[in-house]
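Open the model in your viewer and keep the sequence panel beside it. Follow the stops in order, selecting as you go.

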Amino acid sequence: MIENLKKIELHLHLDGSVRVSTIEELLDKNNLEKELVVDENTKSLTDYLKKFDLPIKVMQSKENLIRISKELCEDLIKDNVIYAEIRFAPNFHTKEGLSLDEVVSSVLLGLDNKNIKTNLILCMMRGDSYENNKNIIDLAIKYRNKGVCGIDLAGDEAKYSTSLYKDLFSYALENNLNITIHAGEAGTSKEVKDAISYGAKRIGHGIKIINDDEVINLVKQKQIPLEICPTSNVQTCNVDNIMSHPIKKLFDRNILVTINTDNRTVSNTSLNKEYKLLEEYLNFTKEDFIKMNLIAIDKSFLTDNEKEELKKKITY
């Protein structure tokens, strides 16, 4: 049943979703799974983020960026995903001479697949310089409506507060960019409140609002959806286990919830796996999944016409 459902994914990192076999081939090494996929030694978001080192190492050429993006589309199609907003940080992929333009255009080339609709979200990074992050905003402006639909702020939320990036978000808003922000994952509910005040239309994760009625009411009032990634939240030790994940409580309180993988490879997951976990441990139903996919379409960074076309493909 779950496999047959048409799905939308709004929170998916390109560099966290590179096939293990592809990295092994490109590096001419075997048995790299331990370095790429989380295990019992992962104790925090900081530990989790170390799993991105090897993917980023191989994502430094046009050919590799095209291949990896193409393969991700193939993997998403197997999950019956009909639309995905894929995010990545272009600044990570210029270490061997590629320009930011070459990075983005290569990924867009790889994502060009007639069997799935995709858009890119460009990530600014916590801890990076103002200038580097401003370049990402300028890049998003340049590629707006040419395959890029918005910007994000990603990275280690526990070390770098969202408030440090207020001026960058002001600049993005002046240029009418769609904004989603990682907040309320490793940080507190205040990060979510700040993100909304800086113009975020969506929140990446946001699970820490569960015990803050003020921020829950704010999210409801402003109809801000949460891009929730259940397995990833457990692996980064922000939730004890899938049974205690707050997604069901948030959903039952009429918060706009969407289901996502975050990082298919790093978290060793897929959307089908995420849905099955929620069905088995938190009693989500087919109707719930359909509702959340319709929320995802409504809150995607697509035009109204594109949204209506997608809604026709969601089966009841």
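Select Thr-265. This residue sits in the loop between β8 (257–259) and α13 (271–282). The model is a predicted one. Is Thr-265 buried or exposed? Its relative accessibility is 13%, and buried means under 20%, so Thr-265 counts as buried.

Now show what touches it. Setting aside neighbours within four places in sequence, Thr-265 is in contact with Gly-16, Ser-17, Val-18, Arg-19, Val-20, Leu-36 and Val-37. Pick Leu-36 from that list. Thr-265 and Leu-36 are 229 residues apart along the chain, yet their C-alpha atoms are separated by 7.1 Å.

**The loop after β8**

Stay in this loop and select Asp-262, which is also found between β8 and α13. Its phi is near 75°, a positive value in a residue other than glycine. Most residues other than glycine have a negative phi. How accessible is Asp-262? The relative accessibility is 3%, so Asp-262 counts as buried.

Go to Asn-254 next. Look for it in the loop between α12 and β8. Here too phi is positive in a residue other than glycine, near 65°.

**Helix α1**

Select residues 20–27, which form helix α1. Val-20, one of the contacts of Thr-265, belongs to this helix and is buried. Thr-22, Ile-23 and Glu-24 are buried as well. What covers them? The cover includes α2 (33–36), α4 (53–58) and α5 (62–78). Colour those three helices and look at α1 again. Then step just past the end of α1 to Asp-28, where phi is positive, about 55°.

**Helix α9**

Select residues 189–197 for helix α9. Which residues of α9 are buried? They are Ser-189, Glu-191, Val-192, Asp-194, Ala-195 and Ile-196. An α-helix has 3.6 residues a turn, so residues three or four places apart point the same way. Show the partners now: the buried residues of α9 pack against β5 (179–183), β6 (202–205) and α10 (213–221). Just after α9 comes Gly-199, with a positive phi of about 105°.

**Helix α11 and the loop that follows**

Thr-231 is the next selection, in helix α11. At 13% relative accessibility, Thr-231 counts as buried. Leaving out neighbours within four places in sequence, its contacts are Ile-242, Ser-267, Thr-269, Glu-274 and Leu-277. Try a distance too. From Thr-231 to Leu-108, C-alpha to C-alpha, is 28 Å, with their positions 123 residues apart in sequence.

Move on to Asp-240, in the loop between α11 (230–235) and α12 (247–252). Buried or exposed? Asp-240 is exposed, with a relative accessible area of 74%. Draw a line from Asp-240 to Leu-153: the C-alpha atoms are 25 Å apart, and the two residues are 87 apart in sequence.

**The nonpolar cores**

Hide the surface and look inside. In soluble globular proteins, nonpolar side chains tend to be buried together. The largest nonpolar core here has 89 residues. Which of them have the most contacts inside it? Select Ile-86, Leu-120, Leu-122, Ile-203 and Phe-289. Apart from this core lies another, of six residues, among them Val-38, Leu-45, Tyr-48 and Val-266.

Return to Leu-120 and show its contacts. Not counting residues up to four places away in sequence, Leu-120 touches Ile-86, Phe-88, Val-104, Val-107, Leu-108, Leu-111, Gly-147, Val-148, Cys-149 and Gly-150. You have met Leu-108 already, at the far end of the line from Thr-231.

**The whole chain**

Zoom out. The protein has 15 helices and eight strands. Its C-alpha atoms fill a box of roughly 50 × 45 × 45 Å along the principal axes. With 316 residues, a compact globule would have a radius of gyration near 20 Å, and the value of 18 Å here agrees. Of the 316 residues, 58% count as buried.

How many of the contacts join distant parts of the sequence? Among contacts between residues at least 6 apart, 72% join residues at least 24 apart.

Finish on the surface. The protein exposes about 13,400 Å², and carbon and sulfur atoms supply 46% of that area. Colour the charges last: the mean positions of the 44 positive and 50 negative charges are 3 Å apart.

Notes
Residues numbered from 1 in each chain as written. Predicted model: local features only at pLDDT ≥ 70, side-chain atom pairs only at ≥ 80, totals over all residues. Heavy atoms only, no water. Helix = DSSP H or I, 4+ residues; strand = E, 2+ residues; numbered from the N terminus. Rg over C-alpha atoms; globule rule 2.2 N^0.38 Å. Buried < 20%, exposed > 50% of the residue type's maximum accessible area, 1.4 Å probe, protein only. Contact = heavy atoms within 4.5 Å. Areas by Shrake-Rupley, 256 points an atom, 1.4 Å probe, with all protein chains shown as cover. Lys, Arg positive; Asp, Glu negative; His and termini not counted. Charge placed at Lys NZ, Arg CZ, Asp CG, Glu CD. Core = buried A, V, L, I, M, F, W, Y, C linked by side-chain atoms within 4.5 Å.
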